[in-house]
Amino acid sequence: MAQVTADELKRLLVENCVLKVNLEEISEDTPLFGPNSVGLDSLDALQMTVAIEQNYGRIIPDSNVARQVLQSLRSLREWLAQQPAQSQQNA
């Protein structure tokens, strides 16, 4: 699988979440949750988890892993690069 770019992940955010900041303000290191973040909530986390599975064939197995993976676009991009695909049908 080719390296996933930050722009691809921004697109995924826009398509699946209600953002509270402009897309241009989001860097790879901008927190996705919590103070000074893009303002995602638990529903957004669920939507992103499903979108990642559908778009990249990667499964985030539980909420503890999700907390680590969905800290920022960088943490998500790095995690995706390290994971083997679970399903090639959508990847």
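This is a short tour of a predicted model, stop by stop.

**Whole chain.** Start with the cartoon view. The chain has four helices and zero strands. Read from the N terminus, the elements run α-α-α-α. Now show the C-alpha atoms alone. Along the principal axes they fill a box of roughly 35 × 25 × 20 Å. The radius of gyration is 12 Å, which agrees with the value near 12 Å for a compact globule of 91 residues.

**Largest pocket.** Next, select Phe-33, Ala-45, Leu-46, Thr-49, Ile-60 and Asp-62, then add Ser-63, Ala-66, Arg-67, Leu-70, Gln-71 and Ser-72. These residues line the largest pocket. Which elements give two or more residues to this lining? They are H2 and helix H3 (63-69). The pocket holds about 280 Å³ of space. Color the lining by class: six residues are nonpolar, four are polar and two are charged.

**Surface patch.** Keep Leu-46 selected, and add Leu-43 and Val-50. The three form a nonpolar patch on the surface. Together they have about 270 Å² of accessible area. Leu-43 sits in helix H2, which spans residues 42-56. Leu-46 belongs to two stops on this tour: it is part of the patch, and it also lines the largest pocket.

**Salt bridges.** Clear the selection. The model has four salt bridges. For one of them, show the side chains of Glu-28 and Arg-74. How far apart are the closest N and O atoms of this pair? The distance is 3.5 Å. This pair links distant parts of the chain, with their positions 46 residues apart in numbering. Glu-28 is in the loop between helix H1 (6-16) and H2. Arg-74 is in helix H4, residues 73-82.

Terms used: Residues numbered from 1 in each chain as written. Predicted model: local features only at pLDDT ≥ 70, side-chain atom pairs only at ≥ 80, totals over all residues. Heavy atoms only, no water. Patch = residues over 30% accessible without salt bridge, like charges linked within 9 Å, V, L, I, M, F, W, Y side chains within 5 Å. Areas by Shrake-Rupley, 256 points an atom, 1.4 Å probe, with all protein chains shown as cover. 1 Å grid on protein atoms, 1.4 Å probe; cavity = no way out; pocket = protein on both sides within 12 Å on 5 of 7 lines; lining within 4 Å. Points joined across faces, edges and corners; volume = space filled by probe spheres on them. Nonpolar A, V, L, I, M, F, W, Y, C, P; charged D, E, K, R; others polar. Rg over C-alpha atoms; globule rule 2.2 N^0.38 Å.
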